Each structure stands twice: as structure tokens, then as C-alpha cells.
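Here are a few short exercises to work through with the model open in your viewer. Try each task before reading its solution.

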Amino acid sequence: MEHQEIKELVLLHAYGELDGYSEELVKNHLATCAGCREILNNEMHLRNLVNTATPEPDEKLAGDARLQLRAALRIETEKKFTPEKLINSFREFLYLNYRPILSGAVMLVVGFLLSLFVRLNSSSGDEQNPAEINLSDLLKSGMKINNLRILASDPKTGQMEIEFETFRNVKLSGSFNDQNIQSVMMYSILNDENPGVRLNSINMVDSKKERGIDKDVKAAVLTAAQYDENPGVRRSALKTLAGLPFDDEIKTALINIMSYDQNAAFRIEAINILAESQKGTGKIDDEVQKALRQRIENDDNNYIKLKAKTVLEERNI
Amino acid sequence: MKLTEQDLVIKAKAGDYRAFEELVYAYDRRVLATVYRFTGDPDDAKDLYQDIFIRAFKGLKKFEFKSSFSTWLYRIAVNVCLTHKAKAGKRNYESLDDPYPDSEDSKTEQYEDKSGSLSPEKSLLGSETQAVVRKAVDSLSPRLKMVFVMKHYDGLKIKEIAEMLETKEGTVKKYLFEAVHILRGRLAGYLEN
Ligand SMILES: [Zn+2]
């Protein structure tokens with residue numbers, strides 16, 4: 001083949017696009033043709049130069065992009081949802097909700113009210129009147145719950161009294177295991193504007209956790225641990241998670257925290273809890289291993305790199 | 001039990017968005033890398049990333065396993081990138097009709113002050129060089145840039161790129177040669193030695 005024709009192939013050769021025969025042809029030609037060697041050389045120069053400016057997304061960009069997508073996805077799914085569907089998919093819905101995106105709070109209120117409404121209606125046989133006022137009418141009116149306070153709590157019986165504000169204060173008496181109380185707790189953890197109140201609600205859940213936690217309340221704690229904008233609330237939620245029976249949901253949340261929380265102390269705490277959870281098991285869980293390796297490679301905190309490495313090495317000897 | 005990709009797609013088609021999220025997490029780092037390399041801007045990259053996965057989520061109903069899920073997803077990614085409207089005044093690219101612009105062309109003005117104000121040799125690898133390279137890549141038309149990014153930065157084969165652009169391999173080669181030719185002209189001052 002002539003020099004003119006081969007020239008075309010040199011670029012493809014540089015990009016690793018040639019198959020055995022044409023690759024050999026180009027190599028042989030390059031050995032004898034200074035002109036083509038120069039073309040290849042120029043190509044490599046250009047490549048090196050362009051490579052100095054390769055934009056590579058870092059962990060922060062990746063984490064931010066995922067959070068932004070979650071919020072957008074939630075809005076997308078809300079468009080399609082009828083109230084019935086909303087209730088049915090309440091858990092998934094919660095999963096996609098988190099505090100920093102305030103526009104989502106409105107829909108969360110609706111979801112919460114609908115689910116609470118359903119519960120109130122379905123527990124009509126209950127001997128205990130949930131409140132002096134008609135709570136279900138109140139909820140249907142679209143009230144806003146705020147400033148939840150724990151008035152009294154008997155550690156022996158689990159009996160408690162809570163107070164929260166709507167257009168007027170509502171007092172609700174019942175055991176911690178009462179669905180209504182847990183629902184209001186869940187709402188408060190996710191939506192109260194006051195971080196101190198969110199914190200109190202989490203601490204209350206924490207103190208009662210051995211009595212069993214409603215799955216929605218657990219979802220609220222998982223959400224708070226990952227996404228609450230207030231570090232104090234995230235810390236308490238994380239502490240509560242550490243005390244709950246370890247499962248896949250908790251694992252996923254801890255991996256997220258370890259990978260994306262801006263606060264290094266929380267990333268470390270998440271690693272500690274995960275490491276603890278893997279004790280006594282045969283082998284570290286694959287996803288946990290993978291996330292730990294990513295920390296070793298990508299975390300900007302050297303202590304965390306070391307910590308992740310130690311956890312992996314201790315277990316793999 | 002680990003679900004296969006096909007299981008996940010079926011679940012996601014039925015509206016299970018936890019399944020969808022799992023699919024997202026299998027590919028999103030690669031998608032993000034491509035869009036970030038394409039735009040060179042983190043905020044634009046996040047917007048494109050979001051747009052791509054929202055479109056995928058909405059379009060999943062129509063996905064019929066005629067290609068792999070990843071190919072389908074990257075086609076969306078490519079389309080979103082190609083139709084992405086850069087912020088006004090931010091981009092300044094050559095059209096395909098004019099692949100070999102004269103260096104006197106007014107569009108090259110933006111480089112003149114750069115190359116005049118610094119010595120290429122000294123600043124090689126410096127952040128100013130990077131900015132010049134980025135500008136040069138940004139000066140490519142969206143299609144040329146897409147092909148260049150996928151080939152050069154993402155390391156895809158021409159055949160794969162053709163599949164994603166739904167065009168012929170010959171066309172991709174042509175784009176690639178054009179892109180390289182333009183970049184060589186733009187970066188001539190930095191390519192000596
Ligand atoms: Zn030759």
C-alpha cells in the first residue's frame with residue numbers, strides 16, 4: 001500500500017481501531033516511512049496535550065448529581081400519582097423524600113395525612129379515642145403539624161403524651177406503639193422546621209426503640225440520618241440506626257453516609273457501625289467491601305482512607 | 001438474591017423506582033463522566049445527568065430489549081448532550097459545514113489573547129493550558145465534540161460510537177478526523193516539540 005493510503009490508517013492505529021492485518025501493515029510502513037512516523041508523533045502530542053485537561057467527576061459531583069436526580073425523580077413520580085397509589089407506595093415515596101428539598105415537603109405532608117387518615121379510619125374499633133378533637137377531620141383539612149413536644153413519658157408502661165401545633169395545639173395520648181403517635185413522630189422527624197424538635201423526636205424514638213419501631217418511623221430515621229441538613233439531627237439519627245437490628249436498608253443508608261456525608265466524623269461513624277455489623281459474619285458483605293475500597297481510593301480524609309483499609313485488612317487475613 | 005439487569009428493567013418498567021435507582025447506580029458514574037467531559041462544567045453536567053435519567057425513566061415503558069439497556073441509556077445520553085443548549089455566549093463552535101476554518105476567522109479571536117499572553121512551553125500542564133485545551137474542545141460542534149469525547153476520553157470503539165449515534169462507522173471516522181484536524185489547528189502553538 002502506498003504512503004497516501006496508509007496515512008489515513010495511522011490515526012486509526014493511534015486510536016487502537018485496527019485489526020490484525022491492517023495493524024501489521026501500518027506498523028511495517030511506520031518502520032520505513034519517516035513522514036508517517038511524524039504523523040503518529042503529532043497525534044500522540046495532541047493526545048497528551050488534550051489529556052491534561054480531561055475533566056473527571058469527583059465524588060462530590062457524583063453525590064450531588066444523585067441527590068438532585070432523586071429530587072427530580074420524586075417530582076416526576078408525583079405527577080403520575082393518584083392518592084391511592086401514593087398510599088400504596090408510601091414507603092418508596094418516603095425513601096425518595098428528604099428534608100433539604102423543601103418543595104417535596106408539601107407532598108410528604110399529603111402522603112402522611114392520607115396514611116394517617118387511613119389508619120384512623122381503619123382503627124375505628126379501638127376503645128381509645130385518639131384525641132379530644134376529631135383528628136381525621138382535622139387532617140383532612142390539610143393542617144400543618146409543627147413543634148411536637150413530649151409532655152410525659154412513662155418508661156415502665158410506654159404510655160406517653162405528646163403535644164403539637166396545628167391551628168391549635170393537639171394533645172394525643174397513647175402508647176409509643178400507638179400508630180398515631182408513631183406517625184406524628186415520623187412526620188416531625190421529617191418535617192418540623194425546628195431542628196431541635198426533629199432532634200427531640202429522634203431521641204424519643206431512640207429511647208423507645210426496644211419496644212419496636214414502626215417501619216415508617218424507621219424510614220424517617222433512615223432519611224434523617226442521610227439527608228437532614230442539620231448535623232445534630234443526622235448524628236442522633238445515625239446513633240439510633242446503630243442500635244437497630246442491622247438489615248439491608250440500614251446497610252444501604254450507612255454506605256451512603258460513609259460515601260457522601262460532607263462531615264468526616266459521620267463518615268467515620270458510619271464505617272465503625274458497618275465494621276461492627278460485619279463482626280461474627282463469615283466475610284464482609286460485597287457492597288460494604290466495595291464502598292470501603294472506594295473510600296480508600298477517593299476519600300480526601302487520610303484517616304478515613306486508613307480506617308477503611310484497616311477494616312478490610314483485619315477481616316481478610 | 002441479586003436481581004439481573006433484565007429483572008430490574010422489568011420492575012422499573014412497572015413503575016418500581018427503587019429498581020430504577022439500582023439501574024441508575026449501575027451506569028451513572030460512566031454517564032456522568034461522559035457528560036462532564038462533554039460540557040466541562042459541573043453544573044451543566046449535573047443538569048444533563050438529571051435530564052438523561054429523567055428521560056430514561058419516562059421512556060422506559062417504550063424500551064423493548066431490542067438493544068442492551070446500557071446502549072439504550074447511552075443513546076439517550078448522546079441525544080441529550082447533542083441537544084443541550086449551552087448558556088448564551090458560552091459556546092462558540094464551528095459548524096460541520098465549515099470544518100476547516102481559516103485561522104483568520106473571527107471565531108479564533110478568543111484564543112489570540114491567550115496565546116499572546118503566555119508562553120506555551122512554560123505553561124504546559126498548567127491550568128492556563130488546560131483552559132486553552134478546554135476552549136479548543138468546546139469550539140467543536142456538538143457532534144464532533146461528542147465523537148471526540150467518546151473516542152478520546154471515554155475510550156469507546158468507533159463501532160460503539162456509531163451505534164450510539166445511530167450512524168455509520170464511516171461517518172464517525174469522518175467526525176473524528178475533523179475534530180482532530182480542528183484541534184490541531186487550534187492548539188498548534190502548544191504542539192511544538
Ligand atoms: Zn508513510
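**Exercise 1: a tyrosine in chain B**

Tyr17(B) has a relative accessible area of 4% in this predicted model. Decide whether Tyr17(B) is buried or exposed, then place Tyr17(B) in its helix.

*Solution.* Start with the cut-off: buried means under 20% relative accessible area. At 4%, Tyr17(B) is therefore buried. Next, look up the helix: Tyr17(B) sits in H2 of chain B, which covers residues 17–39. Finally, check a partner along the chain: Phe57(B) is 40 residues apart from Tyr17(B), yet their C-alpha atoms are separated by 8.5 Å.

**Exercise 2: two helices across chains**

Work out how helix H3 (residues 34–51) of chain A is oriented against helix H8 (residues 142–153) of chain B, and list the residues that meet.

*Solution.* First take the geometry: the axes lie 12 Å apart and the packing angle is about 95°. Angles of 65 to 115 degrees count as roughly perpendicular, so H3(A) is roughly perpendicular to H8(B). Now the contacts: H3(A) brings Arg47(A), Val50(A) and Asn51(A), while H8(B) brings Phe148(B), His152(B) and Tyr153(B). Sorted by class, that contact has three nonpolar, two polar and one charged residues.

**Exercise 3: the second largest pocket**

Describe the lining of the second largest pocket, whose volume is about 720 Å³.

*Solution.* Begin at the centre: 27 residues line this pocket, and the closest to its centre are Asp64(A), Leu67(A), Tyr260(A), Asp261(A) and Gln262(A). Then go helix by helix: H4(A) gives the largest share, seven residues, and H11, H13 and H15 of chain A are among those supplying at least two each. Last, tally the classes: 14 charged, seven nonpolar and six polar residues.

Technical notes
Residues are numbered from 1 along each chain as its sequence is written. Chains are lettered from A and ligands numbered from 1 in the order in which they are written. This is a predicted model: local features need pLDDT of at least 70, side-chain atom pairs count only at pLDDT 80 or more; totals for chains, interfaces and linings use all residues. Side-chain values use heavy atoms; hydrogens and water are left out. Helices (H or I, at least four residues) and strands (E, at least two) are DSSP runs, numbered from the N terminus. Buried means under 20% relative accessible area, exposed over 50%, partly exposed in between (1.4 Å probe, protein chains only). On a 1 Å grid over the protein atoms alone, a cavity is a set of points where a 1.4 Å probe fits but cannot get out, and a pocket is an open set with protein on both sides within 12 Å along at least five of seven lines; lining residues have an atom within 4 Å of a point. Ala, Val, Leu, Ile, Met, Phe, Trp, Tyr, Cys and Pro count as nonpolar, Asp, Glu, Lys and Arg as charged, and the others, Gly among them, as polar. Axes are lines fitted to C-alpha atoms, for helices over the stretch in contact, and angles run from 0 to 180 degrees between N-to-C directions. Angles under 35 degrees count as roughly parallel, over 145 as roughly antiparallel, 65 to 115 as roughly perpendicular and the rest as oblique. Contact means heavy atoms within 4.5 Å.
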